[in-house]
Amino acid sequence: MLLIITYTRSARSSLRNVRRSHEDTVVRWFGRSALFEATELGAFHGLRLREKHPEAVQIERTRPFNEYMEVPERVRKAVWAYAEREHTSTPYAAFAAGTEHPDVATMARRKL
């Protein structure tokens with residue numbers, strides 16, 4: 001997919017017009033940004049927006065996030081355990097202290 005991000009009011013207006021005119025190309029709309037199909041037509045619209053608003057439009061290529069391939073099992077287990085915790089007001093750092101679950105500082109240092 002192509003992520004189109006706008007940084008000015010006029011660029012957002014142009015993005016909105018493209019979205020309304022070409023709904024079949026837009027996968028998801030976020031107001032200031034949108035995901036376009038990774039097709040020639042999606043690229044055409046993204047490049048057209050950037051040509052019209054050179055400093056106000058950013059285009060990035062994205063790929064779907066597969067949590068089972070990209071996130072270690074220890075992190076997925078920590079998510080499940082944290083979601084099932086007894087007290088919902090307990091912050092993760094306190095929840096993970098003294099357990100086998102990864103701590104916040106360790107997770108923050110490790111790249112996916």
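Which residues does S33 touch, not counting residues up to four places away in sequence? The legends below address this point and others. The model is predicted: local features need pLDDT of at least 70, side-chain atom pairs count only at pLDDT 80 or more, and totals for chains, interfaces and linings use all residues. Residues are numbered from 1 along each chain as its sequence is written, and side-chain values use heavy atoms, with hydrogens and water left out.

**View 1. Surroundings of S33 in strand β3 (residues 33-36).** Strands (E, at least two residues) and helices (H or I, at least four) are DSSP runs, numbered from the N terminus. S33 touches L3, I4, I5 and L15, where contact means heavy atoms within 4.5 Å. With a relative accessibility of 14%, S33 counts as buried (under 20% relative accessible area; exposed is over 50%, partly exposed in between; 1.4 Å probe, protein chains only).

**View 2. The two sides of helix α4 (residues 73-83).** V75, A78 and A81 are buried in α4. Seen down the helix axis, the buried residues of α4 fall within an arc of 125°, so they line one face of the helix; the arc is that of the directions from the helix axis to the C-beta atoms. An α-helix has 3.6 residues a turn, so residues three or four places apart point the same way. V79, W80 and A83 are exposed on the other side of α4.

**View 3. Cover over helix α4.** The buried residues of α4 are covered by elements including α5 (92-96) and α6 (104-109). These helices belong to a protein with six helices and four strands.
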